[in-house]
Number of protein chains: 2
Amino acid sequence: MWSKKRLKGERMSFSKRLGEREVIRTICKHLDVMPEMPIPFGDDVSAYNIGDDNLAIIKTDMLVDKTDVPPGMSVWQAARKAVVMNVSDFAAKGVKPVVILVSLGIPTKLDRKAVEQIGRGLNAGAREYYTHVVGGDTNEASDLIISLSVFGTAKKDTLMLRSGAKPGDLVAVTGLFGKTLAGLKILLNCLKAPKKIYKYLVDSVLMPYARLDEGLALSRTEAVTASIDSSDGLAWSLHEIAKASRVGFLINKLPVAKEVEEFARINDLDPLELTLYGGEEYELVLTIKPDCWRKAEEAIKKVGGNLLPIGKVTAKKQALLEINGEKYSIEPRGWEHLSTKE
Amino acid sequence: MWSKKRLKGERMSFSKRLGEREVIRTICKHLDVMPEMPIPFGDDVSAYNIGDDNLAIIKTDMLVDKTDVPPGMSVWQAARKAVVMNVSDFAAKGVKPVVILVSLGIPTKLDRKAVEQIGRGLNAGAREYYTHVVGGDTNEASDLIISLSVFGTAKKDTLMLRSGAKPGDLVAVTGLFGKTLAGLKILLNCLKAPKKIYKYLVDSVLMPYARLDEGLALSRTEAVTASIDSSDGLAWSLHEIAKASRVGFLINKLPVAKEVEEFARINDLDPLELTLYGGEEYELVLTIKPDCWRKAEEAIKKVGGNLLPIGKVTAKKQALLEINGEKYSIEPRGWEHLSTKE
């Protein structure tokens, strides 16, 4: 993979000269492609064939404080989030992560207490997802950087890639959306929320959860034709599956959290905007064979999760939202990194 | 592993409050240890058992421009060096790296040409060592950061760890020392060198090579009892093996490059200091069963390398240098990161 996660086109540029997408495109242009790559560039994880259809699954993702850590997030939470970000991609592929390596960039201003919190947060995240941090290195850097590499193994045919969605498949998600963008607006823009929903919305940002149990349970059903996590928001994730699978979508039941509807009403925001174009969310976005729906639903219920149908895969390469008989286009955009908001 | 590479005690502190060694110690204190780790914390790579005594070997190491990139080193060279740094640890363990993931931190000031050079440098390094870059991610950061994760597989009993040296084993290296510290002194402190050795010394810094062929050839001989690369300098590497193997050393033939002797003479420096306490070198430092010396030497010659005997492993836990019958203590120190020189 070259993770296109968090790439919202040139609008999401972190460089004044070059966007993230352009950086990746430029780098990739100069890389020789490994023959017989089991997972193509552009999916959430990378793989290497270790024999008998067994794959080594590897993934790296870097947390940088200035773009990934909103105000109000503790160092412990940031370290734990670095784990969740990476595990979420394993969850989306249906692969159990087993070991984690950590590369740290530590600013000189960081004190012992903060370093302790990094250790504790990494361990908490790792153990939460049944894995261990087994090594790493540390360096001086201007930003706090927590770059993780995660490793696991999988049988080739159990992998849930982005590319298998077929017209007629059902589209589903593992939870409600919009909470994190609402939470970020509270943390970043000081928007208001009544006490009873404030904590719920803010916690969705500070304490995200990867849907690992759900992803592992689903991978065993063989019901899933395509899968991605929603760390770049629902709309962006749908477009990524559409692109990789060469299909379109008709979404007719947006998974809006009721707390998000209330937050939107109070702050005069569009709940659809919060739901579709958020990010920093770690639900799974899935396409499912229609005759396997029941099996998928049962598998996910057994691990305490939810499978919410939100629409259908279409042959026509459009991403459409249907509300009261009217159709609207779903745009390929999502949450932008913190620094681009400054 | 938690790489203790480039950790020269608190003296090498990158933090005004906390040294690198202390950062690692603090983080590790809070990590649950994975049961049955095939390679203990502290060696150069980490491992995970994937069945039938096959190990997945993983390693991460981060290059940060302000501490790892001296003046005169191009972006292309820095990207290639990031590969060499990581491959060198695989070489020391006798493991073939197969795929590389890249996590980039890109400052906003970096232009397209520089990003292209990163892509080219990464690819050049990867292909030089028979491997491919198969994925990664990119982020905005204040420093240029090239964090690599390397993956390979190995049979458990072919691994060359730090911990197997026995009294009576021979100590050997794969090349001459002192060149990189001389080169760094030219680049950083503007020390002088005659034209005929200038390029040789400076190139040793700008274009380092990992001894991968040598490491792989040696791992097949079963002659090696302990191995480490010398990225922190010869003295430091010897002390690391001594600590992991609970042995000592008597070094009686220092592998000083003749160009280093000349450079030292011209600049009134101690050639022993340059040879023992350098760094950013990627030779292998090895201990070898005496009755297997010939076999090891032949294996390494077949791949075009050299095996230079420099001393013996001792039961007494001291690291000693013998010159003209006099014994001197070898201190556990080495090259310090660029930023600590400022």
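Visitor: How many residues of domain 1 of chain A are in contact with domain 2 of chain A, and how many of domain 2 are involved?

Guide: In this predicted model, 22 residues of domain 1 of chain A touch 27 residues of domain 2 of chain A. On the domain 1 side, helix 2 (65–68) and helix 3 (75–93) of chain A each supply at least two residues. Helix 3 of chain A gives the largest share, 11 residues. Sorted by class, the domain 1 side has 10 nonpolar, 6 polar and 6 charged residues.

Visitor: Where do the two domains of chain A begin and end?

Guide: Domain 1 of chain A covers 33–154, and domain 2 covers 170–341. Their C-alpha centres are 23 Å apart.

Visitor: What makes two residues count as being in contact?

Guide: Their C-beta atoms must lie within 7 Å, with those atoms placed from the backbone. By that test, the contact between helix 3 and helix 4 of chain A includes Val75(A), Trp76(A) and Val83(A) from helix 3, and Ile118(A), Leu122(A) and Ala124(A) from helix 4. The residues of this contact divide into 11 nonpolar, 4 polar and 2 charged.

Visitor: At what angle do helix 3 and helix 4 of chain A pack?

Guide: The angle is about 35°, and the axes are 7 Å apart. The crossing of helix 3 and helix 4 of chain A is right-handed.

Visitor: Helix 4 of chain A also meets helix 1 of chain B. Why is helix 4 of chain A called oblique to helix 1 of chain B?

Guide: The axes of helix 4 (residues 112–128) of chain A and helix 1 (residues 20–29) of chain B come within 7 Å and cross at roughly 45°. Angles under 35 degrees count as roughly parallel, and 65 to 115 as roughly perpendicular. The value of roughly 45° belongs to neither range, so the pair is oblique.

Visitor: Which residues meet there, and is the crossing left-handed or right-handed?

Guide: The crossing of helix 4 of chain A past helix 1 of chain B is right-handed. From helix 4 of chain A come Arg112(A), Val115(A), Glu116(A), Ile118(A) and Gly119(A), which meet Val23(B), Thr26(B), Ile27(B) and Lys29(B) of helix 1 of chain B. The classes in this contact are 4 nonpolar, 2 polar and 3 charged residues.

Visitor: What does each chain give to the contact between chain A and chain B?

Guide: Chain A gives 67 residues and chain B gives 67 residues. On the chain A side, the elements that supply at least two residues each include helix 1 (20–29), strand 2 (54–64) and helix 4. The chain A side has 30 nonpolar, 23 polar and 14 charged residues.

Visitor: How do you know that helix 6 and helix 9 of chain B are roughly perpendicular?

Guide: The axes of helix 6 (residues 195–206) and helix 9 (residues 258–267) of chain B come within 10 Å and cross at roughly 115°. The range called roughly perpendicular is 65 to 115 degrees, and the pair is therefore placed in it. Helix 6 of chain B passes helix 9 of chain B in a left-handed crossing. Ile197(B), Tyr200(B) and Leu201(B) of helix 6 touch Glu259(B), Glu262(B) and Phe263(B) of helix 9. That contact has 4 nonpolar, no polar and 2 charged residues.

Visitor: Why is Thr158(B) called partly exposed?

Guide: Thr158(B) has 16 other C-beta atoms within 10 Å. A buried residue needs 20 or more, and an exposed one has 12 or fewer. The count of 16 falls in between, so Thr158(B) is partly exposed. Thr158(B) sits in the loop between strand 5 (145–155) and strand 6 (170–173) of chain B. Beyond its neighbours within four places in sequence, Thr158(B) is in contact with Gly94(B) and Ser219(B).

Visitor: What makes Asp52(A) count as exposed?

Guide: Asp52(A) has 8 C-beta neighbours inside 10 Å. The cut-off for exposed is 12 or fewer, so Asp52(A) qualifies. Asp52(A) lies in the loop between strand 1 and strand 2 of chain A. Its phi is near 55°, a positive value in a residue other than glycine.

Visitor: Where is Glu36(B), and why does Glu36(B) count as exposed?

Guide: Glu36(B) is in the loop between helix 1 and strand 1 (46–49) of chain B. Glu36(B) has 7 C-beta neighbours inside 10 Å, which satisfies the limit of 12 or fewer. Glu36(B) is not a glycine, yet its phi is positive, at about 55°.

How values were computed:
Residues are numbered from 1 along each chain as its sequence is written. Chains are lettered from A and ligands numbered from 1 in the order in which they are written. This is a predicted model: local features need pLDDT of at least 70, side-chain atom pairs count only at pLDDT 80 or more; totals for chains, interfaces and linings use all residues. Domain bounds come from an automatic or database domain assignment. Helices (H or I, at least four residues) and strands (E, at least two) are DSSP runs, numbered from the N terminus. Ala, Val, Leu, Ile, Met, Phe, Trp, Tyr, Cys and Pro count as nonpolar, Asp, Glu, Lys and Arg as charged, and the others, Gly among them, as polar. Axes are lines fitted to C-alpha atoms, for helices over the stretch in contact, and angles run from 0 to 180 degrees between N-to-C directions. Angles under 35 degrees count as roughly parallel, over 145 as roughly antiparallel, 65 to 115 as roughly perpendicular and the rest as oblique. A crossing is left-handed if the near helix is turned anticlockwise from the far one by less than a right angle, and right-handed if clockwise.
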